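Student: Could you take me on a close look at the ligand site, and at the empty spaces elsewhere in the model? I'd like to know what lines each of them.

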Amino acid sequence: MDTHLIDPFGRVIEYLRLSVTDRCDLRCQYCLPAGFRDFEEPSEWLSFDEMEQLVRAFTELGVRRVRLTGGEPLTRRGLPDLARRLSALPGLEDLSLSTNAVQLAREAVALRQAGVSRLNVSLDSLRPERFASITGGGKLERVRAGLDAARAAGFTPIKINMVVLGGINDDEIGDMVRFCIVHDFTLRLIETMPIGDTGRAASRSYVDLQSVRRRLEAEFDLLPATMAGGGPARYFRVAGTELRIGFITPISQHFCDTCNRVRLTADGALYLCLGQEEKVEFRPLLRAGADSETLKAAIRAAVARKPERHEFQEVPARVVRFMAQTGG
Ligand code: SAM
């Protein structure tokens, strides 16, 4: 039995991003439209039993790392229970979580005890009014409380994800660097992607992160660095500090040749590429009582259809779903 997932381009797939809900308690302007409510019904989401069964099949095929995402994963009730079940799977080495941290203060300890080891927190501004404007009404103090709770619960590293938007928050990058130095967070800067109408509209504020790096170099001494986690960010350390800054550049310098991941939506569709439409539906299989061998055969067949790369620049109109619907 082959215990590796290798796509047609020789890439080993060992990372699954698992969306637990498409719902979100924020409306970030580049992600979901203001007032958006057209979410899936909870009956369409995979149950925790179904997720556990499917993730087990992935781990038996060599997937070592799972990230819980959404939508906002903390809006799904009982998330620590799912985390506990997944982190107990033999073969799973790393269970992480992406969150906006709005509800993290309440859940941080339970998630840590359930085996979540690493956290990524989205944070695009440190100014309360601007934060509210970018996120459609989010309250910055709740995110700050969530970060404090995560730190107290022992999460390390904690990575801050900042989507850089020209004329909106790009004047705050220096402040964010200093904030992350003081609080011992890792900072990751992200280029806006044309995903859904919102992502395409926000792409008008696209900033090439190569220029941001050059700007930062005028103020900080950046040394090439590495960071555990296997993601696509290119890291630099700020000399004289422990701060690492990662640049995630899907547009200016795509990293598809090292792509090691696939994404499962909350309703059980496996997307083979964030920037393409190829998907395979797993919910019908699960609900028809598929056994482990059937699931693994379907996963292998899906990975055989993984596209070589996204085409955000060549075909920016391709992805009609919003980021929150795929799982960011
Ligand atoms: N709610 C969680 C969070 O805030 O991290 C997880 C889901 S969210 C969709 C995951 C990440 O996708 C966030 O860091 C968000 O900023 C990013 N994102 C959403 N739409 C994007 C876009 N059009 N371009 C770049 N990043 C985007």
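Tutor: Happy to! Let's settle one set of terms before we start: Ala, Val, Leu, Ile, Met, Phe, Trp, Tyr, Cys and Pro count as nonpolar, Asp, Glu, Lys and Arg as charged, and the others, Gly among them, as polar. Please also keep in mind that this is a predicted model.

Let's begin with the ligand. It is surrounded by 17 residues, and the closest of these are Tyr-30, Gly-71, Glu-72, Ser-122 and Met-193. Sorted by class, this shell holds 10 polar, 5 nonpolar and 2 charged residues.

Three of those closest residues come with atom distances. For Tyr-30, a polar atom of the side chain sits 3.0 Å from a ligand oxygen. Glu-72 also uses its side chain, where an N or O atom is 2.9 Å from a nitrogen atom of the ligand. With Met-193 the backbone takes part instead: one of its polar backbone atoms lies 2.9 Å from a ligand nitrogen. On its own the ligand has 560 Å² of accessible area, and the protein covers 93% of that.

Now follow Tyr-30 and Ser-122 away from the ligand, as both residues also help to line the largest cavity. Its volume is about 40 Å³. The rest of the lining is made up of Leu-26, Cys-28, Asn-100, Leu-123, Asp-124, Phe-131 and Thr-135. By class, that gives 5 nonpolar, 3 polar and 1 charged residues. A local backbone feature comes right after Asn-100 in the numbering: Ala-101 has a phi near 70°, which is positive although the residue is not glycine. Ala-101 belongs to the loop between β3 (94-99) and α3 (104-113).

How many cavities of 30 Å³ or more does the structure hold? There are 2. The second largest has a volume of about 30 Å³, and around it stand Pro-194, Gly-275, Gln-276, Glu-311, Phe-312, Val-315, Pro-316, Arg-318 and Val-319. This lining counts 5 nonpolar, 2 polar and 2 charged residues.

Open pockets are the next thing to look at. The second largest pocket contains about 230 Å³ of space. It is lined by 15 residues, with Asp-22, Glu-40, Thr-265, Asp-267 and Gln-325 the closest to its centre. Strands β11 (269-271) and β12 (279-281) are the elements that contribute two or more residues to this lining. The class count here is 7 charged, 5 nonpolar and 3 polar residues.

Two features away from the ligand round off the tour. One is an aromatic pair, out of a count of 4: Phe-36 and Phe-322 meet edge-to-face, at 5.4 Å centre to centre and with 80° between the planes. Phe-36 is in the loop between β1 (15-19) and α1 (48-60), while Phe-322 is in the loop between α10 (292-303) and α11 (323-326), so their pairing ties together parts 286 residues apart in sequence. The other is a cis peptide bond between Thr-156 and Pro-157, with omega about 0°. Look for Pro-157 in the loop between α5 (140-153) and β5 (158-163).

Methods. Side-chain values use heavy atoms; hydrogens and water are left out. A residue is near a molecule or strand if one of its heavy atoms lies within 4 Å of it. A polar contact is a pair of N or O atoms within 3.5 Å; within protein, one must be able to donate a hydrogen and the other to accept it, and residues adjacent in sequence count only if both atoms are side-chain atoms. Accessible areas come from the Shrake-Rupley method with a 1.4 Å probe; for residues, only the protein chains shown count as cover. On a 1 Å grid over the protein atoms alone, a cavity is a set of points where a 1.4 Å probe fits but cannot get out, and a pocket is an open set with protein on both sides within 12 Å along at least five of seven lines; lining residues have an atom within 4 Å of a point. Grid points are joined across faces, edges and corners, and a volume is the space filled by probe spheres set on the points. Helices (H or I, at least four residues) and strands (E, at least two) are DSSP runs, numbered from the N terminus. Rings of Phe, Tyr and Trp (its six-membered ring) pair if their centres lie within 6.5 Å; planes under 30 degrees apart count as stacked, over 60 as edge-to-face and the rest as tilted.
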